[in-house]
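Please open the model in your viewer and follow the selections below in order.

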Amino acid sequence: MSEIVRIAKAVASNQLARLAPAVYVRLTGQTGRGSEAESAADIAAYAHRCYDEYFDKLGIARPAIEGFLDGKSLLEYGPGDLPAVAALMIAGGAPQVRCIDRFPLVRLSPKNVEAMQALRPGLSLQARQRLDGVFADPRHPEAGLRAGCIDYLVRPGGTSGLRHEIDLVFSRAVLEHVDDLEASLADMVAAMKPGALAIHLVDLRSHGLHRGNRLDFLAWSRPTWQLMYSAKGFPNRWRVDRYRELLARLPVDVLRLEPTERASPAEVAQVRPMLAEPFRALDDEDLAWLGFWLVFRRRAD
């Protein structure tokens, strides 16, 4: 009976997210960073960590970041309720960041404004001045972001529709949530200029939706999972093999694809008899991946 109740509740909330996404966001209090309580300082520290890890994985040393970002147009998928990483990219030297999301999450609440101010310590004077410039009125940051500096786009499908405009694409724990991964990757590559880079941290874990084994959320059939979770931004459950397959069809060169965490052999063996299609065909290595870093470059047409 508990499984029936779980399915019924999940389907009902999924329909709410599909038909009234703003209401769903308000009722659930989504931020795009998970559900744990966090202070303004926590938010700022998380943004700095994301920023540092992106450039570490791209192989760009800190003294070279400003030169790398100078004149470049950036695109962030799924910035959450506060584009703090985008703001650090502006502080670092990028003139423009466009942010794309499926839900209208962004809000300059008092805590989020405080978090933006908490980004400042450790930045140079010039970087602080650029950071101030992300606001339409730096004296009243709650009034909103400056158009043309950070632009926040809300699209039901989560795709940008841009063409050959972007030099760097980035996201963190976002691609595992998109409803149509093939369309999202195709949109991303279409938005990129030849030679542009993309960097993503992908989290393949259950996001709290497993029961015992960390992989047992792969036992639900795809139609049932779609009914329960497709409109809410919950994991799409695609594994690393799907990313490889889709990237192989696109004009990109994969520069880095490395796991961040793996399930144990015991977990893989225990869950294998339960797996739904299309996960049954996965080999043990791919099934074990619980997340990965992905870096690729767009080839010339």
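Which residues does Asn-213 touch, not counting residues up to four places away in sequence? Select Asn-213 and display its contacts (heavy atoms within 4.5 Å): Glu-267, Gln-270 and Val-271 appear. This is a predicted model, in which local features need pLDDT of at least 70 and side-chain atom pairs count only at pLDDT 80 or more, while totals for chains, interfaces and linings use all residues. Residues are numbered from 1 along each chain as its sequence is written, and side-chain values use heavy atoms, with hydrogens and water left out.

Remain at Asn-213, whose place is in the loop between strand S5 (192-203) and helix H9 (222-229). Helices (H or I, at least four residues) and strands (E, at least two) are DSSP runs, numbered from the N terminus. Asn-213 is buried, at a relative accessible area of 6%; buried means under 20% relative accessible area (1.4 Å probe, protein chains only).

Next, select the strands. An open sheet of 7 strands has the order S3-S2-S1-S4-S5-S7-S6, with mixed pairing; two strands pair if DSSP finds at least two bridges between them. Strand S3 (150-154) and strand S6 (252-262) stand at the edges, each with a single partner strand, so one side of each lacks a neighbour in the sheet.

Now select residues 73-77 and 96-101: these are strands S1 and S2, which run parallel and are joined by 5 bridges. Within this pair, Glu-76 stands opposite Cys-99 in S2.

Finally, select residues 240-248, helix H10, which packs on the sheet and touches S5, S6 and S7.

Methods: Buried means under 20% relative accessible area, exposed over 50%, partly exposed in between (1.4 Å probe, protein chains only). Axes are lines fitted to C-alpha atoms, for helices over the stretch in contact, and angles run from 0 to 180 degrees between N-to-C directions.
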